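Please open the model in your viewer and keep the sequence panel beside it, since each stop on this tour begins with a selection.

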Amino acid sequence: MKKFNYQELVDSEQALQKRSIFWEPAIYEEELKQIFNRCWLFLGHESQLPQPGDFIRTYMGEDDVIVVRGKDKVIRAFLNACTHRGNKVCQAEGGNTRSFTCSYHGWSFNTEGELAGVPLEKEIYDNLPRERFGLVPVARLESYKGLLFGCFSESAPSLIEYLGDIAWYIDVVTDSAEGGLEVVGAPYKTEIPGNWKLPVENAIGDGYHVAWAHAGAMSVVGAIGSGRSDNVLGITANNMGVDQSGAVEIVMNTHTVLTTLDGQSGYALYDHPEPVLAHLEKNRPRVIEKLGELRGRQLYGSETHIGVFPNVQIIQGLNFIRIIHPKGPGKFEVWTYAMCERGMPDATKEIIHDHVRQTFGPAGLLEGDDGDFVEAITHSAAGYATRQMQGFLGMGMGRKAPWDGPGEASPGLVNEACQRGFYDQWRRTMEADNAYEVIGQTAPVAPVTAVVKELRHG
Amino acid sequence: MANAELKLAPTAPVSFEQEYAIGKFLSMEARVLDEERYPEWLELLTEDIRYQMPVAISTYRRARQGSTTLKPLFIIDDGFPGLKQRADREATGLVWLNDPATRHLRIITNIEVETTDTPNEFLVRSKFMIFRGRRDKDIASHAGWREDILRQTPQGWRIARRVVHLIERVVIDKNLNMFF
Ligand code: FES
Ligand SMILES: [Fe+2]
């Protein structure tokens, strides 16, 4: 029994999305259950937790989660909720610790999640079964090449099955990185008054808005600002024209990719791209050898937006990982982590880091524009008549581009293929009776025995 | 959280006149920004200005931040060209969020002045509240404190360094596209 008429909410044939999906509390509640309690969700990167005792706090849906490397070097994730009465056991956003001590009655938990200390235990309890009161672990935690994901569903497919074809694209970021991928310790965090789906599909596929919504920023940053070029990403200054030839939007069953295929335009918005471009060319032969011609020449260095459903975007070129945490139907937090190749010279890393801050940090020249329409789309759906309206994402429908990699490609980055893919996946996930259907497969006949895979590091 | 470079011991008492002039200068600067006179604001900066806003990371007092090879996180870390780029963006007339016009209001208070080792430079601490009102009821506000180095030049007071500290960790606003 489906809770809602999803055919009516997301009409894939006509590319229409009813605006109540951004506003209705009941739909949002169902999203927390169907999407955030069953999909693999991005937690962080192993480079944030190099030492035993290193921890970060994040969210899975609205659940507050601690990710910590234990004394045994294993990375685990727990609900940030005391097993006594439910207070948070950790209020810091990250750091290094030997234990998590609850501020209410002082129960304390070690970095492996075990209940390690109970004040006055001998005097007040008779045989408290401590083993029953460890922190509640997130059911599954797996790493894909350093990218940590957690999942609340015991019966969900493995992370690698869930990622499916998108892993082929993620490899361009993880495997090409000289010395491995490196993520800055702490993210930028901003709370925006809009529905979480809007910033996600904006980041994974909305090439159409770039030149117009960001017109002010686009005329002062990077190639246009410095006079090196009068077009960025195929879009001419002042939105006067668009060259759709060199880019594709690619939709897989579950996830999406937008990429420019030219091997360097990821750096088109940089004020000083030269050192980064030099690094790319120095590293490129190694990438070609490792990942082949197509990925080495056409994807490595391109502006590439990898959207992993539901809420993480890995963006090569702009070089950040972005998570959208839902905070009720009308609010979200956006967390932005700069990423770079560990083996890059420090000065090159600095250029990337500066660029992330300057463009998509909370005071970024481009970042500031998007919150406004995301808010308006969400909150004007408070009006009953407005809420009956549908958004239209029909651009580029039926247009196909030749593409030898996984997924179905549609030409140009001014295209709405990825956004359609996102809402189709949203619908599939909301309708799915079990966690396997989320990826468009039926569950194995025999029930899957949950295996909590632990990550070992020597 | 104070920046080490700015922790300078007073070398001599500050004259009443200088302290008064600095207070007037900061009020005038705030008004220039409130009135969106960005090219004029740029003239109040030295060419070698460094303007920073660090992120107020919430770690435990006893704990170090998780190790990373990257430098600390800043929301803004600009020299003059970066600030000019921000000002230029505002002046394009293409920032839709500011049309209808945004109403700005800055309150600068608790001004404390100290001398530094450089005779014509002063360490100036202040607290601020900044409000933006847009459209019907899109009101955002931020509070924090600043540590400035103000330089006395033949042309008048100039800002040579500014570190802006916000009290919020998660920025609760659609953007921080403004000068503090
Ligand atoms: S709620 Fe944590 S110790 Fe009581
Ligand atoms: Fe945008």
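Begin by selecting residues 274-299 of chain A, which form helix α10 in this predicted model. The helix has 26 residues, yet its end C-alpha atoms are only 18 Å apart, short of the 38 Å that a straight helix would reach at 1.5 Å a residue. Where in α10(A) should one look for a kink? Centre the view on G292(A), where the helix is kinked by about 140 degrees.

With α10(A) still selected, colour its buried positions, which include V276(A), H279(A), L280(A), N283(A) and R284(A), and further along the helix V287(A), I288(A), L291(A), R295(A), G296(A) and L299(A). To see what these buried residues pack against, add the helices α5 (166-174) and α11 (346-360) of chain A to the display, together with the strands β18 (256-259), β19 (304-308), β20 (312-316) and β22 (332-341) of that chain. Just after α10(A), pause at G301(A), which takes a positive phi of about 95 degrees.

Strand β22 of chain A provides the next stop, for T336(A) lies in it. Is T336(A) buried or exposed? T336(A) counts as buried because its relative accessibility is 2%, and the cut-off for that class is under 20%. Show the side chains here, and a polar contact of 2.9 Å can be traced between those of T336(A) and R322(A). Leaving aside residues up to four places away in sequence, T336(A) touches P187(A), Y188(A), F320(A), I321(A), R322(A), V356(A) and F360(A).

The following stops concern backbone geometry. Most residues other than glycine have a negative phi, and most peptide bonds are trans. Select P310(A), in the loop between β19 and β20 of chain A, and inspect the peptide bond that leads to it from F309(A), which is cis with omega near 5 degrees. Then move to chain B and select P100(B), in the loop between α3 (80-91) and β3 (103-115) of that chain; the bond joining D99(B) and P100(B) is a cis peptide bond, with omega about 5 degrees.

Return to chain A for K73(A), which sits in the loop between β5 (63-69) and β6 (75-79) and has a positive phi of about 70 degrees although it is not a glycine. K73(A) counts as partly exposed, because its relative accessibility of 35% falls between the cut-offs of 20% and 50%. Next select N127(A), in the loop between α3 (121-124) and β11 (140-144) of chain A, a residue other than glycine whose phi is positive, near 55 degrees. N127(A) is exposed, because its relative accessible area is 73%, where the class requires over 50%.

Finally, display both chains and select the residues in contact between them, 42 from chain B and 56 from chain A. The area buried between chain B and chain A is about 3800 Å², of which carbon and sulfur atoms give 53%. How many salt bridges are there between chain B and chain A? The count is five, and a salt bridge to bring into view is that between the side chains of R89(B) and D369(A), at 2.9 Å from N to O. Between chain B and chain A there are also 22 residue pairs in polar contact, counted where both residues are at pLDDT 80 or more. On the side of chain B that touches chain A, the elements to highlight are β2 (74-78), α3 and β7 (171-172) of chain B, which give two or more residues to it.

How values were computed:
Residues are numbered from 1 along each chain as its sequence is written. Chains are lettered from A and ligands numbered from 1 in the order in which they are written. Side-chain values use heavy atoms; hydrogens and water are left out. Helices (H or I, at least four residues) and strands (E, at least two) are DSSP runs, numbered from the N terminus. The expected span of a helix is 1.5 Å times one less than its number of residues. The bend at a residue is the angle between axes fitted to the seven residues ending there and the seven starting there. Buried means under 20% relative accessible area, exposed over 50%, partly exposed in between (1.4 Å probe, protein chains only). Contact means heavy atoms within 4.5 Å. A polar contact is a pair of N or O atoms within 3.5 Å; within protein, one must be able to donate a hydrogen and the other to accept it, and residues adjacent in sequence count only if both atoms are side-chain atoms. Buried area is the accessible area (1.4 Å probe) that two parts lose on being put together, summed over both. A salt bridge is a side-chain nitrogen of Lys or Arg within 4 Å of a carboxyl oxygen of Asp or Glu.
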